[in-house]
Every structure is written in C-alpha cells, then in structure tokens.
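Open the model in a viewer and keep the sequence panel visible. The stops below go from the whole chain to single residues.

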Amino acid sequence: TPAVDRETALAEARRQVEARVEAFHAADTSRNAEAVVALLWPEYEMLVDGRRLSYDEIAAGSRAFMTTLRTFHTDWTELRVTPLSPDVVLSSFLFRDSLVTGEGAVILSRGPTTLLWERRGREWRLRYGDADHYPLVPE
C-alpha cells in the first residue's frame, strides 16, 4: 500500500542520513576539511552563532580552520534524525567540542546543531545548517 511504501522510504532515508551524520563526525574529528566540504550542496548555507554563512564561506573557513588545529575532539549526543520526506531529512544533536590549536591553546564549547539533508538522485548532502557555540570553562 502507499502508506507502507512511504514508511519504508522514510525508514530508509533515516538509515542513510544516520550514516551521513557519522561521516560528518568522522570528517570533523579527523580534521578533513575536504570531506566536510564534500558533504555540502553548492547552495548550502549555515547560521553559525547568529551569523549567516554561504557555501563558499563555509568551504574556505573549514579549510583554513582545520589546518590550525592539532586536535579536534567532539562528542555528539542526543542525535535525532527526522525524515520530512523520502528526500529531505532533519538531523539534530548536542555537541561538546575540545579543540587544541597548533599553538597549544585549548578551546572548549558546547551547543546544539541542526542540519537539513537533501537527497538528489542517490546522494545525500547538506542543504542548510544551524549551530550555536557556548564557551566552556576548563575544569
């Protein structure tokens, strides 16, 4: 029936996006800016700490930022993956970052991230994102 087919398609979309979220986490923690950028559609835009950034700004910023880091550790918790349709899925999670710069400075932050994934053909990439970073005081 059409309802069963839709539920099957939504479940498959959820499974596929969960795998893409894992790929995004792996790209971040390995400081692989090219792998991060490869997850974005060219129309991607993101609201980061109240500032709207374009695909070009995110791509250039990721490439520049990742090279300044010695370590990028992040824990993502409370992952929710919500299919809106078989081709559009919303994911959200809470992050806790611990970054070490090349100079040895430690940057700690936490916050929420929401990502909108879109499938074109067989490929899932990010179309929109929102992340807010709140500083943490080292213990």
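Start with the whole chain as a cartoon and follow it from the N terminus: the elements run α-α-β-β-α-β-β-β-β-β. That gives 3 helices and 7 strands. The radius of gyration is 16 Å, close to the 14 Å that the globule rule gives for 139 residues, so the chain is as compact as a globular protein of that length. Keep in mind that this is a predicted model.

Next, switch to the C-alpha trace and orient it along its principal axes, where the chain spans about 60 × 30 × 25 Å. With a surface shown, the accessible area comes to about 8,100 Å², and 54% of that belongs to carbon and sulfur atoms. Of the 139 residues, 34% count as buried. If you draw a contact map, residues 24 or more positions apart account for 57% of the contacts with a separation of 6 or more.

Colour by charge. The chain carries 17 positive and 22 negative side chains. The centres of the two sets lie 2 Å apart.

**The nonpolar core**

Select Val17, Tyr44, Val89, Leu115 and Trp117, the residues with the most contacts inside the largest nonpolar core, which has 31 residues. Which elements supply at least two residues of this core each? They are α1 (2–29), α2 (33–37), β1 (40–48), α3 (55–67), β3 (69–85), β4 (88–101), β5 (106–120) and β6 (123–131). The largest share, 5 residues, comes from α1.

Stay on Val17 and show its surroundings. Beyond residues up to four places away in sequence, Val17 touches Val81, Val89, Trp117 and Trp124.

**Phe72 and Arg31**

Move to Phe72, in strand β3. Is this residue buried or exposed? Phe72 counts as buried because its relative accessibility is 8%, and the cut-off for buried is under 20%. Apart from neighbours within four places in sequence, Phe72 is in contact with Asp28, Thr29, Arg31, Met66, Asp97, Ser98 and Leu99. Draw a distance from Phe72 to Asp97: the two are 25 residues apart in sequence, and their C-alpha atoms are 7.4 Å apart.

From that contact list, select Arg31, which lies in the loop between α1 and α2. Check the backbone here: Arg31 has a positive phi of about 60 degrees although it is not a glycine. With a relative accessibility of 33%, Arg31 counts as partly exposed.

**Glu78**

Return to strand β3 and pick Glu78. Glu78 is another residue other than glycine with a positive phi, here near 55 degrees. How does Glu78 count, buried or exposed? Its relative accessibility is 56%, so Glu78 counts as exposed; the cut-off for exposed is over 50%.

**Arg120**

The last stop is Arg120, in strand β5. At 30% relative accessibility, Arg120 counts as partly exposed. Show its contacts, leaving aside neighbours within four places in sequence: Trp41, Glu43 and Arg127 appear. Finally, draw a line from the C-alpha atom of Arg120 to that of Val36. These residues are 84 apart along the chain, and the line spans 18 Å.

Definitions and conventions
Residues numbered from 1 in each chain as written. Predicted model: local features only at pLDDT ≥ 70, side-chain atom pairs only at ≥ 80, totals over all residues. Heavy atoms only, no water. Core = buried A, V, L, I, M, F, W, Y, C linked by side-chain atoms within 4.5 Å. Buried < 20%, exposed > 50% of the residue type's maximum accessible area, 1.4 Å probe, protein only. Helix = DSSP H or I, 4+ residues; strand = E, 2+ residues; numbered from the N terminus. Contact = heavy atoms within 4.5 Å. Rg over C-alpha atoms; globule rule 2.2 N^0.38 Å. Areas by Shrake-Rupley, 256 points an atom, 1.4 Å probe, with all protein chains shown as cover. Lys, Arg positive; Asp, Glu negative; His and termini not counted. Charge placed at Lys NZ, Arg CZ, Asp CG, Glu CD.
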